[in-house]
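Ready for a few exercises at the screen? Load the model, try each task yourself, and then walk through the solution.

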Amino acid sequence: MDQHSNHHQRRNGTVSVPEPCPHLSDFRSRHGGAKPFRALQDCLRVRPPGRAAIRRDPNEVPRCASCGLSSPASRLYACVSCAAVSCLAHAPSHAAAGDGGVGHEIAVDVDRAELFCCMCEDQVYDRDFDAAVVLAQTAASTLGGGGGGSAHPPLPPPPENLRKRRRVDYRPWTPDPRERALVVSNSSPLNGEATSSGLPSGLRGLNNLGNTCFMNSVLQALLHTPPLRNYFLSDRHNRYFCEQQQKNNNNSVRKNDNKNWRLCLACDMDAIFSAAFSGDRRTYSPAKFLYSWWQHAANLASYEQQDAHEFFISMLDGIHEKVEKDKRKPQSQGKGDCCIAHRVFCGILRSDVMCTACGFTSATYEPCVDISLDLEPNQVASTKKPSTKSLHSCSGEADSKCSSQTCGISTLMGCLDRFTRPERLGSEIFCQRCQVKQESLKQMSIRKLPLVSCFHIKRFEHSSKQKMSRKVDRYLQFPFSLDMAPYLSSSILRGRFGNRIFSFDGEEPDGSSELSSEFELFAVITHSGKLEAGHYVTYLRLSNQWYKCDDAWITQVNEDIVRAAQGYMIFYVQKMLYYKASEKPGAS
């Protein structure tokens with residue numbers, strides 16, 4: 001049913017309603033519209049974590065009146081007219097025999113609270129019935145509602161009041177003659193897609209300044225992050241203007257008071273972008289950027305090897321902190337509009353904690369610039385229960401025929417499945433409705449997707465009991481194209497509530513949609529070697545070709561080498577921002 005209903009819900013990116021069943025239309029006209037469905041409201045029961053069922057009594061065990069089968073051995077359907085329960089095999093015969101074969105065609109799935117046409121032998125959609133079910137489900141997950149009692153509010157407004165989604169088709173911009181003349185007269189165009197060296201524009205080696213491969217690898221990925229590249233190359237942050245403004249601000253402060261003064265990382269990023277896209281192929285030394293970063297992260301200021309992910313987070317935090325100090329009006333990080341770092345990388349995670357006794361759900365939201373996923377070292381025949389501290393451990397795709405637990409291969413989709421899978425918390429949580437501590441389930445989901453998604457694979461394990469650390473050298477499969485729709489909060493809630501055709505999670509026009517849920521891989525940072533001594537390398541996807549950035553050396557590689565790489569940080573950009581038109585002809 002899930003695939004069937006999703007097909008109807010998401011046609012061309014908009015919410016659409018399935019074609020009406022003729023038997024359902026006859027049933028409604030014969031019985032006065034929604035009156036029979038209102039009678040079913042007293043039988044609606046909501047079971048944690050939100051699934052609706054039909055029971056006259058909470059402890060009732062439905063059985064087929066013809067063969068005696070019960071669920072889950074068989075799907076059971078209760079006739080809306082006479083309440084007779086039948087299995088899938090006997091439902092058509094009951095519809096044909098009852099009252100001369102008239103009026104008993106429509107039944108309801110007792111375990112899923114979904115309408116079923118016994119004559120069409122298919123599930124059918126009725127807005128009034130689904131409205132009653134969604135009302136009961138949402139009431140059960142809030143403080144004001146119960147767990148499926150007899151008191152129910154009236155039905156929601158008519159269909160025309162349903163929120164409709166608008167889909168805006170993406171059309172690539174092409175300049176008109178006047179705009180083209182302005183571009184030519186006011187810019188210095190790059191020498192085509194590739195330079196004389198045969199490499200795409202922007203590819204330039206970075207000198208290793210002494211165990212700084214961690215920095216070079218992250219900088220190479222950021223240099224070719226489409227939204228970030230467009231921001232700096234369009235002079236949105238002018239380092240000369242910023243430096244002049246900074247000097248003016250410093251003049252109002254005593255010259256010997258440098259306690260709160262730090263260099264601008266955004267200015268140094270602007271200088272690196274200018275150098276990388278200048279056409280000069282000689283290796284570049286990002287010494288000034290390193291010094292500025294040391295000023296921001298004094299605890300990491302040394303020539304020792306650092307963690308690339310820690311540098312990535314620290315660098316984005318430095319850009320964000322500098323912008324916040326320069327702006328008088330504070331802006332919200334959670335909305336992703338505070339600075340270029342968060343406009344590109346910031347998304348919002350949703351965490352649901354559900355009481356297993358009454359179904360009450362508490363939701364919290366948290367901004368994030370990346371998602372960290374665990375790699376389990378021993379997954380084959382593993383029986384270890386998930387812990388509360390290891391929420392994102394990856395054991396592969398549960399629905400695949402050859403899961404990672406049986407094949408011993410981890411996949412990025414499997415890690416995301418595990419990340420968004422409900423897990424039982426180890427300790428009881430106080431329930432605001434029950435007013436006592438109860439067992440609870442926790443489920444993570446993605447409320448809002450960023451323009452660029454960064455996945456950090458946890459390859460370094462630290463054990464406080466054994467007082468030791470080690471690296472997890474485990475292969476991870478990652479796709480070149482990734483659909484993030486199954487991991488969105490709206491999708492998780494739809495699945496939890498039975499894929500009803502209603503808006504969930506306060507879906508807003510600026511929220512994540514199917515249009516922005518498709519991503520393309522453009523950079524992979526790998527780590528080779530041991531925990532104490534290793535080396536970082538970046539693989540970049542430009543014009544559908546892969547390039548290996550190993551400090552000062554840039555080489556073209558085959559995509560099979562990238563697929564076999566030991567990914568540590570994996571970068572995806574929204575598909576509409578990954579310019580397919582720039583790919584070389586004939587590229588697959």
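## Exercise 1: Two helices side by side

H10 and H11 are roughly antiparallel to each other. The model you are looking at is a predicted one.

**Task.** Work out why H10 and H11 count as roughly antiparallel, and describe the contact of H10 with H11.

**Solution.**

1. Begin with the geometry: H10 covers residues 265-276 and H11 covers residues 287-296, and the two pack at an angle of about 165 degrees. Their axes lie 9 Å apart.
2. Apply the cut-off: angles over 145 degrees count as roughly antiparallel, and H10 and H11 are therefore given that label.
3. Add the handedness: the crossing of H10 past H11 is left-handed.
4. Pick out the side chains. From H10 come Leu265, Asp268, Met269 and Ile272, which meet Lys288, Phe289, Ser292 and Trp293 of H11.
5. Sort them by class: the contact of H10 with H11 has five nonpolar, one polar and two charged residues.

## Exercise 2: A second partner for H10

**Task.** Which orientation do H8 and H10 have towards each other, and which residues in H8 meet H10?

**Solution.**

1. Find H8 at residues 226-233; the axes of H8 and H10 come within 10 Å and cross at roughly 90 degrees.
2. Angles of 65 to 115 degrees count as roughly perpendicular, so H8 and H10 are roughly perpendicular to each other.
3. On the H8 side, look for Leu228, Arg229, Phe232 and Leu233; on the H10 side they meet Ala266, Met269, Asp270 and Phe273.
4. By class, six residues in the contact of H8 with H10 are nonpolar, none is polar and two are charged.
5. Now compare the lists: Met269 appears in the contact with H11 and also in the contact with H8.

## Exercise 3: One residue in H10

**Task.** Is Ala275 buried or exposed, and which residues is Ala275 in contact with beyond its neighbours within four places in sequence?

**Solution.**

1. Place the residue: Ala275 belongs to helix H10.
2. Check the accessible area. The relative value for Ala275 is 13%, and buried means under 20%, so Ala275 is buried.
3. Leave aside the neighbours within four places in sequence, and Ala275 is in contact with Arg204 and Tyr284.
4. For a distance check, go from Ala275 to Ser285: they are ten residues apart in sequence, and their C-alpha atoms are 10.0 Å apart.

## Exercise 4: An open sheet and its edges

**Task.** Which strands stand at the edges of the open sheet of four strands, and why is one side of each left without a neighbour?

**Solution.**

1. Read off the strand order, E11-E10-E18-E15, with antiparallel pairing.
2. The edges are E11 (361-368) and E15 (423-424); each has a single partner strand, so one side of each lacks a neighbour in the sheet.
3. Look at one edge in detail: E15 is joined to E18 (residues 440-448) by two bridges, and these strands run antiparallel. Here Glu423 is opposite Lys442 in E18.
4. Finish with the helix on this sheet. H16 (residues 489-496) touches E10 (347-355), E11 and E18, and the direction of H16 makes about 140 degrees with that of E18.

## Exercise 5: Following E24 to its partners

**Task.** How many bridges does E24 share with E23, with E28 and with E25?

**Solution.**

1. Locate E24 at residues 518-529; this strand is mostly covered, with nine of its twelve residues buried.
2. E23 (residues 481-483) and E24 run antiparallel and are joined by three bridges. Ser481 stands opposite Glu520 in E24.
3. E28 (residues 567-574) pairs with E24 in the antiparallel sense over seven bridges. Here Ala523 stands opposite Phe571.
4. E25 (residues 534-542) also pairs with E24 in the antiparallel sense, over seven bridges. Gly529 has Gly534 in E25 as its bridge partner.
5. E24 and E25 form a hairpin, with four residues between the strands.

## Exercise 6: Another hairpin

**Task.** Which residue in the turn between E26 and E27 has a positive phi?

**Solution.**

1. E26 (residues 545-550) and E27 (residues 553-557) run antiparallel, joined by five bridges.
2. For one opposing pair, take Lys548 and Thr555 in E27.
3. The hairpin of E26 and E27 has two residues between the strands, and Asp551 in the turn has a positive phi of about 55 degrees.

Note on methods
Residues are numbered from 1 along each chain as its sequence is written. This is a predicted model: local features need pLDDT of at least 70, side-chain atom pairs count only at pLDDT 80 or more; totals for chains, interfaces and linings use all residues. Side-chain values use heavy atoms; hydrogens and water are left out. Axes are lines fitted to C-alpha atoms, for helices over the stretch in contact, and angles run from 0 to 180 degrees between N-to-C directions. Angles under 35 degrees count as roughly parallel, over 145 as roughly antiparallel, 65 to 115 as roughly perpendicular and the rest as oblique. A crossing is left-handed if the near helix is turned anticlockwise from the far one by less than a right angle, and right-handed if clockwise. Contact means heavy atoms within 4.5 Å. Ala, Val, Leu, Ile, Met, Phe, Trp, Tyr, Cys and Pro count as nonpolar, Asp, Glu, Lys and Arg as charged, and the others, Gly among them, as polar. Two strands pair if DSSP finds at least two bridges between them. Buried means under 20% relative accessible area, exposed over 50%, partly exposed in between (1.4 Å probe, protein chains only).
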